[in-house]
Every structure is written in C-alpha cells, then in structure tokens.
Amino acid sequence: MQEKVTRVKMEEVQRDGGPITVLRFAGDITSASNAAVLGTYQGIPESIKRILLDFSGVDYLNSSGIALIIQMMIAANKNGQTIQTFGLKPHFQKVFTMVGITKYTKLHPDEASACAAFS
Amino acid sequence: MDEHRSSIELRLPSRLGFEKVAMNTAASVARLMGFADDRVEDLKTAIAEACINAMEHGNKLDETLSVGVILSMKSDSLEVKVLDTGTGPQGHATAPDIDKKMHEEEEPRGMGMFLIESLVDEVEWVSSPPTGSYARMVIRLQAER
C-alpha cells in the first residue's frame, strides 16, 4: 500500500503591504511529507516575508507531520518570515493548540482573515 | 451491543501508513457505538500515534513483524490495545516545549505519547518481555475530562 501523497500548491497573492506566498496543502501530512513540506518551503525566496499555510485540503495529519511543520516554522523564524495559518479542521486546531504551535502561528478561520493578520 | 461479540482484532504490517487501517476501523466502531464526532477524532489520532510508535519503536519497522490491535467494546467505553514485539517505551510522556523546539533545544518529533495521553481517558504502557509490550487506551462515551 502506498501512503497517500501530500499535495502542495504554491501561489502568490497580492494584498495590502505586498505579496503573500500561499502553500496550499492537501492529502496527508506524515513522515513521508518531507519533500512536500520542507522541500516546497525551501523553494520560497528568503526575500518573501509573509507565508500563508492553507490546510483546507488536509485529511490526515500525524505527529511526524506536525514535526515537519515545526521544522518549517524554525526555518521561517530564522529567515525573519511570518507564518499565518488557516483551514485546519477543528480537531487539528485542537492538536496544534495542545502542542503549542499556536504560540508561533495564529490559526484563522478563513483566508481573508489570515491575510489581514499580516498587516 | 452483545458483550459476547464485542471484540475486533487486527494485525498490521509494521509499515507506516497502515496505522490508518486501525484508525479507520476504530472510527467506524466508535460511530456505531454512538461516540460524538469530536471523540471519534480524538480516538483516531490516539490510535494512529500508538500504531506508529509500535511500528517504529516496538518493531523497528521490520515488516515481518506485526502490530496487533484489539478493540473491545463495552457499554460505555471502547478499550484499544496496540501490541508490538518491543520492550515498551522508556520513561513517560512529557508535554512538548514549543519554545525549546523552535530554538532547536528539543527534537521537533516525539509528541506521540503526549497526544495519546491528552486525547484518551485512560492509558497505560505495559511491558511484558519476552513476548512484547502493548499500549492500552480507554475512551469513554461520556468524557471524564
């Protein structure tokens, strides 16, 4: 059986204050998602300072996947980038809160409020 | 539900991804028992993490070794045992320190046991060498927390 693939689409949206790079994740985020999470992040130029994570399409996220998100946040922190998040299902919002990730990225109900939070 | 037919057993290969078989089976059972959606989600994460621990740490990802999962239905709770051939976890779950993780003073991984303990009503890790070890979790229809 093959693990369900993590799909990620990188987009740039224009908002007040400049461009925002959006990573739209779908499928599963697990230990098999290294390339999709960290590899995609590494493709974002360091000059980009505003990154939006869209988890709307994520069905399954385990602790190994959360660890990859934390690694991405560590790298972003070093590069002076800000990360906002939206689209997490309520259960995963609870899990993110339990492990403390919400100290470093806010969880927003939708894309509009997440983008507005950069300003 | 008939107490005499209240047990379901699975044997999974120690291959990451197969934890979803246990997770989805347990979710189906929990829904049949009348668990609320948020409790089903708690159970899914707890079982998935227990199976991943069993595959990675208990059976060292040796695909010739199985992870056993036993779901036992009671009138007011579901007990889940996840069995492997290892010696069981050393120590106990500690809450992740996100500041230490962000400052690379703590590994980004290692949150599985913490999540399990946080999401179910009862949990214990039992080591019974040489046969192996198991995690035993109980989730109640009416949460105590």
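Student: How many residues do chain B and chain A each give to the contact?

Tutor: This is a predicted model, in which local features need pLDDT of at least 70, side-chain atom pairs count only at pLDDT 80 or more, and totals for chains, interfaces and linings use all residues. Residues are numbered from 1 along each chain as its sequence is written, while chains are lettered from A and ligands numbered from 1 in the order in which they are written. The contact takes 21 residues from chain B and 24 residues from chain A; a pair is in contact if the C-beta atoms, placed from the backbone, lie within 7 Å. On the side of chain B that touches chain A, α2, α3 (98-102) and α4 (112-119) of chain B each supply at least two residues. The largest share, six residues, comes from α2(B). Helices here are DSSP runs (H or I, at least four residues), as strands are (E, at least two), numbered from the N terminus.

Student: What is the class make-up of the side of chain B that touches chain A?

Tutor: That side has ten nonpolar, four polar and seven charged residues. Ala, Val, Leu, Ile, Met, Phe, Trp, Tyr, Cys and Pro count as nonpolar, Asp, Glu, Lys and Arg as charged, and the others, Gly among them, as polar.

Student: Why is α1(B) described as parallel or antiparallel to α2(B)?

Tutor: Helix α1 (residues 19-33) and helix α2 (residues 37-58) of chain B pack at an angle of about 150°, with their axes 8 Å apart. Axes are lines fitted to C-alpha atoms, for helices over the stretch in contact, and angles run from 0 to 180 degrees between N-to-C directions. Angles under 35 degrees count as roughly parallel, over 145 as roughly antiparallel, 65 to 115 as roughly perpendicular and the rest as oblique. Therefore α1(B) is roughly antiparallel to α2(B).

Student: What is the relation of α1(A) to α2(A)?

Tutor: The axes of helix α1 (residues 34-42) and helix α2 (residues 63-78) of chain A come within 10 Å and cross at roughly 10°. That value makes α1(A) roughly parallel to α2(A). A:N34, A:V37, A:L38 and A:Y41 of α1(A) meet A:L68, A:I69, A:Q71, A:M72 and A:A75 of α2(A). By class, this contact has seven nonpolar, two polar and no charged residues.

Student: How does the radius of gyration of chain B stand against the rule for a compact globule?

Tutor: The radius is taken over C-alpha atoms, and the globule rule is 2.2 Å times the number of residues to the power 0.38. For 145 residues a compact globule would have a value near 15 Å; chain B has 15 Å, so the two agree.

How values were computed:
Contact = placed C-beta atoms within 7 Å.
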